[in-house]
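Trainee: Could you take a close look at one small part of this model with me? I'd like to know what sits around it, too.
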Amino acid sequence: MIPGSFDPVTVGHVDVIQRAAAVFDEVTVAVLVNESKRALFDIGERLEMLEHAVAPASNVAVMSFTGLLVDFCAAQDVAVVVKGLRAPADLNAELRMAAMNRHLSGVETFLVPTSPSLSFVSSSLVKEVARLGGDVSDLVPAGVSHRLTRRLAATDAAGR
Ligand code: PNS
């Protein structure tokens with residue numbers, strides 16, 4: 001299980017998904033339906049972009065979830081969560097979440113170091129750079145950059 005917001009999917013996410021798919025028989029990418037956080041892309045759009053990005057891998061499924069990750073893991077009969085680790089700064093939060101999830105249900109978390117060349121890539125920075133006119137086309141899967149530009153133009157026009 002690879003959980004996240006994926007708002008939007010980046011090449012860093014795809015790297016972790018592909019590496020997990022090479023190790024595990026089956027991988028489920030679990031997209032959180034963020035109820036409290038306002039996402040730039042709605043859940044349908046985030047699923048669509050992910051499905052397109054992971055389409056070459058036949059053992060990867062993309063699903064949405066609400067509520068606790070451990071409950072979704074149990075419902076899908078999944079015992080391992082895989083998360084990417086970009087930098088030491090990610091470690092504190094990831095260790096706390098891993099420990100909490102293991103406490104709640106016994107689910108294990110495997111942390112995968114992101115490829116060094118992608119360690120600076122995050123959805124939030126990609127959105128910020130794109131919003132300010134920077135080129136992020138090599139940081140997101142094909143088609144996502146175009147959608148980002150259109151969406152950001154629409155949200156700016158709407159004054160959000
Ligand atoms: O991409 P993100 O936003 O960093 O992903 C965070 C995510 C979705 C992995 C985390 O917020 C999560 O697991 N949320 C589900 C709710 C839950 O189980 N919370 C307790 C985590 S210990």
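Where is the place of phenylalanine 6?

Mentor: Phenylalanine 6 has its place in the loop between strand 1 and helix 1. Strand 1 covers residues 2-4, and helix 1 is 11-23. (Helices are DSSP runs of H or I with at least four residues, strands are runs of E with at least two, and both are numbered from the N terminus.) Before we dig in: this is a predicted model, where local features need pLDDT of at least 70 and side-chain atom pairs count only at pLDDT 80 or more, while totals for chains, interfaces and linings use all residues. Residues are numbered from 1 along each chain as its sequence is written, and side-chain values use heavy atoms, leaving out hydrogens and water.

Now check the backbone here. Phenylalanine 6 has a positive phi, near 50°, though it isn't a glycine. Proline 8 is in that loop as well, and the peptide bond leading into proline 8 from aspartate 7 is cis, with omega near 0°. Both are worth a second glance, because most residues other than glycine have a negative phi and most peptide bonds are trans.

Next, the ligand. It is surrounded by 13 residues (each with a heavy atom within 4 Å), and the closest include Gly4 and Ser5. Serine 5 brings a polar side-chain atom to 2.6 Å from a ligand oxygen. Leucine 69 uses a backbone N or O atom instead, 2.8 Å from an oxygen of the ligand. (A polar contact here is a pair of N or O atoms within 3.5 Å.)

Strand 1 and helix 4 each give at least two residues to the shell around the ligand. Helix 4 makes the largest contribution, with three residues.

Finally, follow helix 4 outwards. Strand 4 (residues 80-85) pairs in the parallel sense with strand 5 (residues 108-113) over six bridges; pairing takes at least two DSSP bridges. Between those strands the chain runs through helix 4 (residues 88-105), making a right-handed β-α-β crossover: clockwise from first strand over the helix to the second, with the strands pointing away from you.

Notes: A polar contact is a pair of N or O atoms within 3.5 Å; within protein, one must be able to donate a hydrogen and the other to accept it, and residues adjacent in sequence count only if both atoms are side-chain atoms.
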